[in-house]
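Please open the model in your viewer with the sequence panel beside it, so that each selection can be followed as you read.

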Amino acid sequence: MTAKLNPYAVAPQLMKNWMGTSMAVAASLESSLIELVKIRASQINGCANCINMHTAEARAKGETEQRIYLLSAWREAPCYTDRERAALGWTDALTRLSEGHAHEGAYEALRAQFTEEEQVNLTLMINVINGWNRLAVGFGLWIEPEAAKALQKAAA
């Protein structure tokens, strides 16, 4: 894949702000849950860059290979908690919003597992990762996980 442009070079201040927002939102819920959400949304959106980056980050934070590999079939896999299932269902529903507004069941599961503040935090995280997916897919970005860490450091 060849990058069409480098958004960090073209709009450095906005990208720094976007990275800062991303990091703040990611810090609002447990790290393991956040990585599952990032990977799942990236699978749905077909974002190879983000799948690569967030599976590496999940592994570094102690996530198992089994749970990473089974994310595409999370509904059938017994290795996720009810809270994780609720988050993944909400991720699927919001990431696929253009396919129809059949998200009431996902919201009921979300409401059973998350406080109202956590619901907002998770929804913001889903929006953030979908935004990153669109930047990466749209501009043909490929950023190795180590390079992404440097970008995060610069935004902090």
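The tour below goes from the whole chain to its core and then to single residues.

**Before selecting anything**

This is a predicted model, in which local features need pLDDT of at least 70 and side-chain atom pairs count only at pLDDT 80 or more, while totals for chains, interfaces and linings use all residues. Residues are numbered from 1 along each chain as its sequence is written, and side-chain values use heavy atoms, with hydrogens and water left out.

**The whole chain**

Begin by colouring the protein chain by pLDDT, the predictor's confidence in each residue on a scale from 0 to 100. The chain averages 93, and 99% of the residues score at least 70. Confidence is highest in helix 5 (residues 65-69), at a mean of 98, and lowest in helix 9 (residues 145-155), at 76. Where pLDDT is low, the predicted coordinates should not be read in detail.

Switch next to a cartoon view, which should show 9 helices and 0 strands; both are DSSP runs numbered from the N terminus, with helices being H or I of at least four residues and strands being E of at least two. Along the sequence the pattern reads α-α-α-α-α-α-α-α-α.

With the chain still selected, its C-alpha atoms fill a box of roughly 40 × 30 × 30 Å along the principal axes. The radius of gyration is 15 Å, in agreement with the value near 15 Å for a compact globule of 156 residues; the radius is taken over C-alpha atoms, and the globule rule is 2.2 Å times the number of residues to the power 0.38. Among contacts (heavy atoms within 4.5 Å) with a separation of 6 or more, 69% join residues 24 or more positions apart.

A surface view exposes about 8200 Å², of which carbon and sulfur atoms supply 58%; accessible areas come from the Shrake-Rupley method with a 1.4 Å probe, and for residues only the protein chains shown count as cover. Buried residues make up 44% of the 156 residues, where buried means under 20% relative accessible area, exposed means over 50%, and partly exposed lies in between (1.4 Å probe, protein chains only).

**The nonpolar cores**

Now select F114, L122, M125 and W132, which touch the most other members of the largest nonpolar core, a group of 31 residues. Such a core is a set of buried Ala, Val, Leu, Ile, Met, Phe, Trp, Tyr and Cys residues joined through side-chain atoms within 4.5 Å. At least two of its residues come from each of helix 2 (12-26), helix 3 (31-45), helix 4 (48-60), helix 6, helix 7 (104-113) and helix 8 (116-139). Helix 8 supplies the largest share, 8 residues. A second, separate core of 10 residues includes A58, I68, L71 and L88.

Select helix 8 by itself: its 24 residues reach 35 Å from first C-alpha to last, close to the 34 Å expected at 1.5 Å a residue, the expected span being 1.5 Å times one less than the number of residues. The helix is followed by G140, whose phi is positive, near 65 degrees.

Return to W132 and show its surroundings; leaving aside neighbours within four places in sequence, W132 is in contact with Y8, M15, W18, M19, S22 and C50.

**Two stops on helix 6**

Which residues does T91 touch, not counting those up to four places away in sequence? They are V37, R40, A41 and I126. T91 lies in helix 6 (residues 82-95) and, at 0% relative accessibility, counts as buried.

E84 lies in helix 6 too and is buried, with a relative accessible area of 8%. Beyond its neighbours within four places in sequence, E84 is in contact with L33, L36, R67 and C79.

**From helix 2 to helix 9**

Select M19 in helix 2, which counts as buried at 7% relative accessibility. L14 lies in helix 2 as well, but L14 is exposed, with a relative accessible area of 62%. A distance from L14 to G105, 91 residues apart along the chain, gives a C-alpha separation of 36 Å.

Finish at Q152 in helix 9, which is partly exposed, with a relative accessible area of 26%. Its C-alpha atom and that of K16 are separated by 8.5 Å, although the two residues are 136 apart along the chain. Outside its neighbours within four places in sequence, Q152 is in contact with M19, M23 and E57.
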